[in-house]
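This report describes a two-part subject in plain terms, for a reader who is new to reading models. Please look at the sequence and the structure below before going on.

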Amino acid sequence: MGPQVIGLEITELRLGLPGGGDSGERRVKKRVISEGGQEVDVVVGWPPVGLYRKNVVAKLYVKVSMDGVPILRKVDISCFKGYSELGMGLEKLFDCYGIGQAMEEDNGSCEYTTIYEDKDGDWMLVGDVPWLMFVETCKRLRIKRR
Amino acid sequence: MFPEEVLEHVFSFLNSHTDRNTASLVCKSWYEMERWCRKRVFIGNCYAVNPRVVIRRFPEVKSVELKGKPHFADFNLVPEGWGGYVYPWIVEIARAYPWLEEIRLKRMVVTDECLEIVAKSFRNFRVLVLESCEGFSTDGLAAVAANCRNLRVLDLRECEVEELSGHWLSHFPDSFTSLESLNMACLGSEVSFSALERLVARSPNLKTLRLNRTVPIEKLSTLLQRAPQLVDFGTGAYSAEIRQDVYSRLADAFSRSKNLKSLSGFWDVTPAYLPAIYSVCSQLTSLNLSYAATRSPDLTKIVSQCYNLQRLVVLDYIEDTGLNTVSMSCKDLRELVVFPSDPFVGEVDVLLTEQGLVSVSQGCSKLQSVLYFCHQMSNSALISISKNRPNLTCFRLCIIEPRVPDYVTHEPLDVGFGSIVENCKQLTRLSMSGLLTDRVFEYIGTHAKNLDMLSIAFAGDSDLGLHHVLSGCDSLRKLEIRDCPFGDKALLANASKLEKMRSLWMSSCLVSFGACKLLGQKMPGLNVEVIDERENVNSLPEYVPVEKVYIYRTVSGQRFDTPDFVRIMGKDKDDLFSDKGLKVAVLFCSNFGTFRPCCCTRSRSL
């Protein structure tokens with residue numbers, strides 16, 4: 001059975017000295033280092049949803065607009081495993097190189113910035129939050145030209 | 001005294017395993033008679049008994065059913081390599097039962113070699129059901145397809161299969177026409193569609209066909225037309241660009257499927273194609289839309305037409321409004337399963353609350369079985385549900401965030417679950433979640449007299465909780481616990497109870513190495529398996545809690561196929577008489593307080 005969280009590197013911290021000091025509280029969560037560099041707590045085997053079901057992610061088609069392009073596109077963000085794949089996917093979709101690189105580098109020197117609208121209606125910079133969290137909260141994407 | 005023929009005839013009406021087991025205990029002649037005419041054997045734990053012992057007792061078996069890993073293996077809690085190998089069983093039954101017809105395996109490791117032996121050993125082999133199994137590839141399937149001339153059922157439920165090629169299906173010979181049921185939904189690779197179509201076309205008895213994701217929606221109508229006798233159909237990926245001709249053909253094909261009673265599949269749903277199934281909705285008794293990521297209006301429209309539905313499996317996208325429609329439209333509903341669409345997200349975007357379940361419990365008078373994932377619950381909702389549906393037999397509630405209290409009163413959910421066990425007197429299976437204290441276990445021990453299986457997580461305050469369950473639940477056979485502050489006292493005080501149960505699982509609790517060893521020493525009828533992957537595990541003191549312990553009754557002694565992270569405790573003869581063993585025993589005895597001593601007096605006398 002593979003790692004239960006797709007695309008994330010699992011770094012496990014175990015608390016509990018071999019002296020039985022932790023009679024009450026036991027660490028139940030795994031610390032997960034995501035692609036975005038953030039730490040997210042994921043409890044092993046919880047919620048008790050079968051492994052098989054976990055591998056089935058609901059398709060999440062979101063609209064993508066790009067400055068200067070009149071026709072919007074739709075992309076299924078759940079089929080990408082991380083931000084770099086998303087970048088490559090968007091580049092293919094708009095036949096335009098540089099979007100992915102801009103996402104990774106984010107140093108202001110690139111022509112494109114990719115932003116997304118989250119569940120609260122706020123526009124956020126793509127790449128800040130862990131990938132899975134982004135997939136759940138992203139409602140639409142926009143590629144801005146500087 | 002009845003002549004043998006009469007007894008045999010009477011026994012032929014006993015189909016349940018428990019009835020047969022009971023009959024065999026009446027007297028010696030009944031035991032003998034029964035064992036010669038038992039055709040179906042069910043072994044709930046493959047390590048509870050030796051295959052040779054089974055074969056010696058039951059020489060005329062036609063159907064074998066085995067289960068391997070504990071239930072929590074489904075949630076990644078049993079490390080890979082733990083065990084559950086079916087190979088030793090296959091070798092023995094291949095030798096002993098040449099006329100075997102059926103094999104059903106759940107949570108076992110099945111290799112290609114096993115499948116090859118099955119394919120070549122049983123001339124009249126008919127049924128192969130593999131549920132949550134792993135270890136085999138499509139080559140093994142090809143061997144079964146090529147050699148089992150009389151195969152009726154090939155049912156792969158949620159297996160992990162190494163997919164070397166999609167050509168396995170083409171190994172069914174052209175002369176093979178006996179297929180009744182094919183479930184390949186868990187496979188990821190594409191099979192030759194023409195081979196599939198020809199197989200379906202030459203299988204007049206095909207009643208169940210569950211496709212995998214790779215069969216496109218455009219091809220569904222072809223298959224449905226080839227098999228108008230289908231009763232149970234699982235689609236492949238249910239998505240495509242919207243094309244009127246594809247839609248019309250599909251809708252037409254469904255409308256001609258007069259025998260269809262069960263639908264499933266629906267991966268990657270394009271909502272515009274869902275109305276194609278409307279014509280069969282009123283026929284359906286079972287509907288599984290749990291892979292259909294589509295919103296409430298689409299789902300509601302479907303369920304509102306399913307007047308005869310008995311079983312509904314759906315995602316929380318159905319929302320409270322959809323369940324309200326279910327409660328009004330699906331008056332024959334027996335089983336409801338609602339899975340979470342986003343299991344790992346804290347924020348809630350879906351409007352499914354406890355209200356949906358309360359509605360269904362009100363409107364569906366035949367509701368017996370519930371598996372429900374949600375984000376909030378209240379005691380009053382649980383009390384309502386228990387009063388609405390005292391006929392519940394299976395109640396599994398998972399509130400996604402651990403230890404969440406009643407969202408209205410902020411109290412623990414003890415009273416709510418207490419009401420469930422008090423009112424639902426026929427309850428045989430219960431899973432709990434949310435904030436729970438020892439009190440809920442007192443209710444369970446007092447009232448849940450028919451409870452067969454109990455799952456507990458992140459609950460309780462002390463050993464008293466576990467003690468209530470083990471001492472009070474007379475019918476309990478399977479208990480699985482994770483992340484609860486239950487330790488040695490309750491376990492050792494109720495050691496004899498464990499021999500009346502199939503198994504006990506405890507992980508991330510407070511059971512020590514010492515207690516496990518003591519239990520293993522004192523109870524020869526139990527295997528006490530400590531599953532611990534820590535590197536320094538050999539140097540840990542005996543009072544340190546183990547990561548995981550799996551205790552099960554067995555008549556075959558300890559097993560010898562364990563990986564290095566599994567230790568079967570207390571079976572070394574030396575431990576029984578050592579000073580250390582006695583010291584540990586005295587340590588636990590002195591802590592026992594109000595509990596009745598169990599094995600301690602015996603150890604003192606050593």
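The text that follows covers confidence, chain A, two helices of chain B, the nonpolar cores and some backbone details.

**Basis and confidence**

This is a predicted model, in which local features need pLDDT of at least 70, side-chain atom pairs count only at pLDDT 80 or more, and totals for chains, interfaces and linings use all residues. Residues are numbered from 1 along each chain as its sequence is written, chains are lettered from A and ligands numbered from 1 in the order in which they are written, and side-chain values use heavy atoms, with hydrogens and water left out.

The model scores ipTM 0.84 and pTM 0.82. pLDDT is the predictor's confidence in each residue, from 0 to 100. The mean pLDDT is 92 for chain B, where 93% of the residues score at least 70. For chain A the mean is 70, and 62% of the residues score at least 70. Residues 1–40 of chain A have a pLDDT below 50, and residues 575–606 of chain B stay under 50. Where pLDDT is low, the predicted coordinates should not be read in detail.

**Chain A**

Chain A has 4 helices and 8 strands; helices (H or I, at least four residues) and strands (E, at least two) are DSSP runs, numbered from the N terminus. Among the elements of chain A, strand β1 (residues 9–10) has the lowest mean pLDDT, 39, and strand β7 (residues 123–125) the highest, 91. Of the 146 residues in chain A, 40% are buried. Here buried means under 20% relative accessible area, exposed over 50%, and partly exposed in between (1.4 Å probe, protein chains only). A cis peptide bond, with omega about -5°, joins A:Trp46 and A:Pro47. A:Pro47 is in the loop between β3 (39–43) and α1 (51–54) of chain A.

**Two helices of chain B**

In helix α2 (residues 17–24) of chain B, the residues B:Arg20, B:Ala23 and B:Ser24 are buried. Their directions fall within an arc of 100° seen down the axis of α2(B), so they line one face of the helix. B:Thr18 and B:Thr22 are exposed on the other side of α2(B). The arc is that of the directions from the helix axis to the C-beta atoms.

Helix α15 (residues 379–388) of chain B has B:Asn379, B:Ala381, B:Leu382, B:Ile385 and B:Ser386 buried. The arc for α15(B) is 160°, so these buried residues also line one face of the helix. Their cover includes α14 (354–363), β16 (394–399) and α16 (414–423) of chain B.

**Nonpolar cores**

A nonpolar core is a set of buried Ala, Val, Leu, Ile, Met, Phe, Trp, Tyr and Cys residues joined through side-chain atoms within 4.5 Å. The largest has 199 residues, and B:Trp168 and B:Ile444 are among those that touch the most other members. Another core, of 24 residues, lies apart from it and includes A:Val64 and A:Tyr112.

**Positive phi in a loop**

Two residues other than glycine have positive phi.

| Residue | Phi | Loop of chain B | Relative accessibility |
|---|---|---|---|
| B:Arg403 | near 60° | between β16 and α16 | 38%, partly exposed |
| B:His410 | near 65° | between β16 and α16 | 58%, exposed |

Note on methods: Contact means heavy atoms within 4.5 Å.
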